[in-house]
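Work through the following exercises with the sequence and the model at hand. Each task is followed by a solution that goes step by step.

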Amino acid sequence: QWNFPHALLNRIRLLPLSQGQVDKYLSDAGPELAGLRHLLQKDADLNTLATSPLMLNIMSLAYHGLSVRDSEDEPSDTVGENRISLFDRYVDKMFERKGKTRHAYTRIQVVHWLSWLARNMEKSGNSLFVIEHLQPTCLSGSRRRWIYHILKFRTPRLVLNLQAHQSGHQYRAESRLQFQTY
């Protein structure tokens with residue numbers, strides 16, 4: 001949790017990495033990122049993406065251990081294919097990284113919901129994901145919006161009513177106990 005004064009939040013700006021910084025990062029990583037280094041040399045779009053520290057980190061994880069020879073097999077026809085390949089590899093690596101532990105969600109479920117999120121963000125013109133900005137209008141279908149409404153508005157009221165009801169029973173039981181002790 002970052003505890004910046006509110007006035008500072010809009011004043012901090014993360015600048016893109018220079019090409020020299022990207023090259024130094026990749027060369028310092030050694031042969032484990034040789035395939036990524038080769039991909040960036042032959043693909044201007046991926047090279048541009050790599051100037052974002054977040055994207056460079058994602059690429060490093062996704063292409064870690066990829067040899068130069070294997071990088072030749074990566075698609076390079078279109079920007080879309082390259083990005084799909086990158087994120088497919090990244091999701092695969094994240095599932096491998098978890099090891100043999102049981103996953104709460106399958107790879108298919110993760111890809112489905114990430115795709116849904118990306119489509120909705122694109123539709124609403126958002127490029128930055130902030131969970132607090134999710135709106136019930138994102139939910140497709142009236143049934144999902146109805147469930148949201150129940151969970152948001154009805155459930156808290158039900159819990160409060162149950163607590164009040166339980167407190168009333170507890171109060172009456174305590175009153176009877178006090179009456180009987182005299």
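**Exercise 1.** Determine how the side chains of Arg107 and Asp92 meet, and place the two residues in the fold.

Solution. The side chains of Arg107 and Asp92 meet in a salt bridge, with 2.4 Å from N to O; the term stands for a side-chain nitrogen of Lys or Arg within 4 Å of a carboxyl oxygen of Asp or Glu. The pair links distant parts of the chain, since Arg107 belongs to helix H8 and Asp92 to helix H7, 15 residues apart; helices here are DSSP runs (H or I, at least four residues), numbered from the N terminus. Salt bridges with shared partners join Asp88, Asp92 and Arg107 into one network. As to accessibility, Arg107 is partly exposed, with a relative accessible area of 29%, and Asp92 is likewise partly exposed at 32%, where buried means under 20% relative accessible area, exposed over 50%, and partly exposed in between (1.4 Å probe, protein chains only).

The model is predicted, so that local features need pLDDT of at least 70 and side-chain atom pairs count only at pLDDT 80 or more, while totals for chains, interfaces and linings use all residues. Residues are numbered from 1 along each chain as its sequence is written, and side-chain values use heavy atoms, with hydrogens and water left out.

**Exercise 2.** Find how many salt bridges the rule gives, and describe the one that Lys24 forms with Asp28.

Solution. The count comes to four salt bridges. In the one between Lys24 and Asp28, the closest N and O atoms are 2.8 Å apart. Both residues lie in helix H2 (residues 19–29), four residues apart, which is about one turn of the helix. Asp28 is exposed, its relative accessible area being 56%.

**Exercise 3.** Describe the surroundings of Arg83, starting from its salt bridge with Asp45.

Solution. The side chains of Arg83 and Asp45 form a salt bridge, at 3.3 Å from N to O. This pair links distant parts of the chain, with Arg83 in helix H7 (residues 79–97) and Asp45 in helix H4 (residues 44–49), 38 residues apart. Leaving aside residues up to four places away in sequence, Arg83 touches Asp45 and Leu49, a contact being heavy atoms within 4.5 Å. From C-alpha to C-alpha, Arg83 and Leu49 are 9.7 Å apart in space, although 34 residues apart in sequence. With 34% relative accessibility, Arg83 counts as partly exposed.

**Exercise 4.** Locate Glu72 and state which residues it touches, not counting residues up to four places away in sequence.

Solution. Glu72 is found in the loop between helix H6 (68–71) and H7, and it is partly exposed, with a relative accessible area of 44%. Under the stated exclusion, Glu72 touches His38 and Lys42. The C-alpha atoms of Glu72 and Gly35 are separated by 8.5 Å, the two residues being 37 residues apart along the chain.

**Exercise 5.** Search the whole structure for aromatic pairs and classify what is found.

Solution. A pair of aromatic rings is described by the distance of the centres and the angle of the planes. The rule pairs rings of Phe, Tyr and Trp (its six-membered ring) if their centres lie within 6.5 Å, and planes under 30 degrees apart count as stacked, over 60 as edge-to-face and the rest as tilted. The search finds one aromatic pair. The rings of Trp113 and Trp116 have centres 5.6 Å apart and planes at 75°, so the pair is edge-to-face. Both residues lie in helix H8 (residues 107–123), three residues apart, about one turn of the helix. Trp113 is partly exposed, at a relative accessible area of 40%, whereas Trp116 is buried, at 18%.

Definitions and conventions: Helices (H or I, at least four residues) and strands (E, at least two) are DSSP runs, numbered from the N terminus.
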